[in-house]
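This report looks at charged contacts and at nonpolar surface in one model. The sequence and the coordinates come first, and the discussion follows.

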Amino acid sequence: LGSIVEGGSVDAEGGAWSANQRQAEALEQALGALERLEAIVVDGNLPVDFWTIDLREAAMALGAVTGEDVSEDVLDVVFTKFCIGK
């Protein structure tokens, strides 16, 4: 997320892009969660069920920026299909 935005590969032409303090903090929260998730996946020592903690945090933070409600019901459906043992 950070490299996409900082690297200039986000084309905002024709669209409005603004980040207020709340949105910026949510983006930072999402980035942190995705970075932790990447470290967990690369490490490979934790079961897939543990991945959902950071994945859920990133989804909720991005939902706060986009205004989309990432409800618990939606996340539960995704994670029951994604996680082993559910």
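## The contact between Arg 36 and Glu 57

In this predicted model, Arg 36 and Glu 57 form a salt bridge in which the closest N and O atoms are 2.7 Å apart. Arg 36 belongs to helix α2 and Glu 57 to helix α3, so this pair ties together parts of the chain that are 21 residues apart in sequence. Glu 57 is partly exposed, because its relative accessible area of 25% falls between the limits of 20% and 50%.

## A second partner for Arg 36

Arg 36 also forms a salt bridge with Asp 54, and here the closest N and O atoms are 3.0 Å apart. Asp 54 lies in helix α3 and Arg 36 in helix α2, which spans residues 21-43, so this contact ties together parts that are 18 residues apart in sequence.

Is Asp 54 buried or exposed? With a relative accessible area of 7%, Asp 54 is buried, because this value is under 20%. Arg 36, by contrast, has a relative accessible area of 38% and is therefore classed as partly exposed.

## The network as a whole

How many salt bridges does a search of the whole structure find? The search finds two, and those described above are the contacts of Arg 36 with Glu 57 and with Asp 54. Glu 57, as noted, is partly exposed at 25%, and salt bridges that share partners join Arg 36, Asp 54 and Glu 57 into one network.

## Nonpolar surface

Apart from these charged contacts, Leu 46, Phe 50 and Ile 53 make a nonpolar surface patch of about 280 Å². One of these residues, Ile 53, is found in helix α3, which covers residues 48-66. The relative accessible area of Ile 53 is 52%, and Ile 53 therefore counts as exposed, the limit being over 50%.

## Arg 22 and Ala 64

Another arginine, Arg 22, is found in helix α2, and its relative accessibility of 46% places it among the partly exposed residues. Between Arg 22 and Ala 64 the C-alpha to C-alpha distance is 8.7 Å in space, while the two residues are 42 residues apart in sequence.

Definitions and conventions
Residues are numbered from 1 along each chain as its sequence is written. This is a predicted model: local features need pLDDT of at least 70, side-chain atom pairs count only at pLDDT 80 or more; totals for chains, interfaces and linings use all residues. Side-chain values use heavy atoms; hydrogens and water are left out. Patches are made of residues with over 30% relative accessible area and no salt bridge: like charges are joined within 9 Å, nonpolar side chains (Val, Leu, Ile, Met, Phe, Trp, Tyr) within 5 Å. Accessible areas come from the Shrake-Rupley method with a 1.4 Å probe; for residues, only the protein chains shown count as cover. A salt bridge is a side-chain nitrogen of Lys or Arg within 4 Å of a carboxyl oxygen of Asp or Glu. Helices (H or I, at least four residues) and strands (E, at least two) are DSSP runs, numbered from the N terminus. Buried means under 20% relative accessible area, exposed over 50%, partly exposed in between (1.4 Å probe, protein chains only).
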